[in-house]
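Here are some exercises to work through with the model open beside you. Try each task yourself before reading the solution.

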Amino acid sequence: PDVISGDMESAMAVELNPWVEYEFRVVATNKIGTGDPSAPSRVVRTNEAVPKTPPANVSGRSGRRHELVIAWEPVSEEFQNGEGFGYIVAFRPNGTRGWKEKMVTSSDASKFIYRDESVPPLTPFEVKVGVYNNKGDGPFSPIVVICSAE
């Protein structure tokens, strides 16, 4: 809370990010002025949660013949919400049903290369990239259409 009354002995911090370390301080104010902040509290880590932020700017990159190169901006650590963070790369030829999904276990990964000798050059694919951690699967990015390498 921004302001609490002087007779309060505790307050609850709300809307904190999951799996982030926080320190807290207290500052007292009255008619005369504002005092110095208290010493910081001990470090407190919030609980893990399913990630809520998908990667941004999913796009295609150049690659070799028969490759589909999928790239994205990695999700920053503060939005990974827990341990075991990774990506789920889903893709399918444009206009088909059923997604092919591949797991990318590195939290700082920014691309995935799918190689298939049967894919002709410049084949359009629908692509989306999702997130997960030890607590479960989070959302996918919006679907984008990218083409296999020439």
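**Exercise 1. Find the residue of β7 that stands opposite glutamate 67, then work out how the strands around this pair are arranged.**

Solution. This is a predicted model, so keep that in mind as you go.

- Step 1: Look across from glutamate 67 and you land on arginine 115 in β7.
- Step 2: Now widen the view to the two strands. β4 and β7 are joined by five bridges and run antiparallel.
- Step 3: Go to the other partner of β4. Strand β4 (residues 67-73) pairs with β3 over four bridges, again in the antiparallel sense.
- Step 4: Check that register with two pairs. Alanine 56 has glutamate 73 of β4 as its bridge partner, and glycine 60 stands opposite isoleucine 70 in β4.
- Step 5: Put the strands in order. You get an open sheet of three strands, β3-β4-β7, with antiparallel pairing.
- Step 6: Ask which strands sit at the edges. They are β3 (56-61) and β7 (111-115); each has a single partner strand, so one side of each is left without a neighbour in the sheet.
- Step 7: Add the twist, which averages 20° from one strand to the next.

**Exercise 2. Is β4 largely enclosed or not, and what does the backbone do in the hairpin that leads into this strand?**

Solution.

- Step 1: Count burial along the strand, where buried means under 20% relative accessible area. Six of the seven residues of β4 pass, so the strand is largely enclosed by the rest of the structure.
- Step 2: Move to the hairpin of β3 and β4. Five residues lie between the strands, and histidine 66 takes a positive phi near 75°.

**Exercise 3. Which strands pair with β5, and over how many bridges?**

Solution.

- Step 1: Start with β8. This strand and β5 pair over eight bridges in the antiparallel sense. One pair to look for is proline 93 with its bridge partner in β8, phenylalanine 125.
- Step 2: Turn to strand β6 (residues 100-104). Five bridges join β5 to β6, and these two strands run antiparallel. Here valine 89 has lysine 102 of β6 as its bridge partner.
- Step 3: Follow the chain from β5 into β6. The two form a hairpin with six residues between them, and glycine 95 in the turn has a positive phi of about 85°.
- Step 4: Check burial. Seven of the eight residues of β5 are buried, so this strand, too, is largely enclosed by the rest of the structure.

**Exercise 4. Asparagine 81 and leucine 122 both have a positive phi without being glycine. Where does each one sit, and is each buried, partly exposed or exposed?**

Solution.

- Step 1: Read off the angles. Phi is about 65° for asparagine 81 and near 60° for leucine 122.
- Step 2: Place them on the chain. Asparagine 81 is in the loop between β4 and β5 (86-93), while leucine 122 is in the loop between β7 and β8 (124-133).
- Step 3: Compare accessibility with the cut-offs. Asparagine 81 is at 5%, so it counts as buried. Leucine 122 has a relative accessible area of 48%, so it is partly exposed.

**Exercise 5. Starting from asparagine 81, trace a path through threonine 46 to proline 18.**

Solution.

- Step 1: Hop from asparagine 81 to threonine 46. They are 35 residues apart along the chain, with their C-alpha atoms separated by 9.2 Å.
- Step 2: Get your bearings at threonine 46. This residue is in the loop between β2 (44-45) and β3, and at 18% relative accessibility it counts as buried.
- Step 3: Hop again, to proline 18. The C-alpha atoms of threonine 46 and proline 18 are separated by 5.2 Å, with their positions 28 residues apart along the chain.

**Exercise 6. Describe the largest pocket, then set the chain against its UniProt annotation.**

Solution.

- Step 1: Take the volume: the largest pocket holds about 620 Å³ of space.
- Step 2: List the lining. There are 18 residues, and Ile4, Ala11, Arg25, Val26 and Val27 lie nearest the centre.
- Step 3: Sort that lining by type, which gives 11 nonpolar, four polar and three charged residues.
- Step 4: Turn to the record. The unreviewed UniProt entry lists "domain: Fibronectin type-III" for residues 1-49 and 54-150.
- Step 5: Look at residues 54-150 in the model. This stretch is 0% helix and 52% strand, and its end C-alpha atoms are 28 Å apart.

Technical notes: Residues numbered from 1 in each chain as written. Predicted model: local features only at pLDDT ≥ 70, side-chain atom pairs only at ≥ 80, totals over all residues. Heavy atoms only, no water. UniProt positions renumbered as here; feature names shortened; annotations may be inferred. 1 Å grid on protein atoms, 1.4 Å probe; cavity = no way out; pocket = protein on both sides within 12 Å on 5 of 7 lines; lining within 4 Å. Points joined across faces, edges and corners; volume = space filled by probe spheres on them. Nonpolar A, V, L, I, M, F, W, Y, C, P; charged D, E, K, R; others polar. Pairing = 2+ DSSP bridges. Axes fitted to C-alpha atoms, helices over the stretch in contact; angles between N-to-C directions. Buried < 20%, exposed > 50% of the residue type's maximum accessible area, 1.4 Å probe, protein only.
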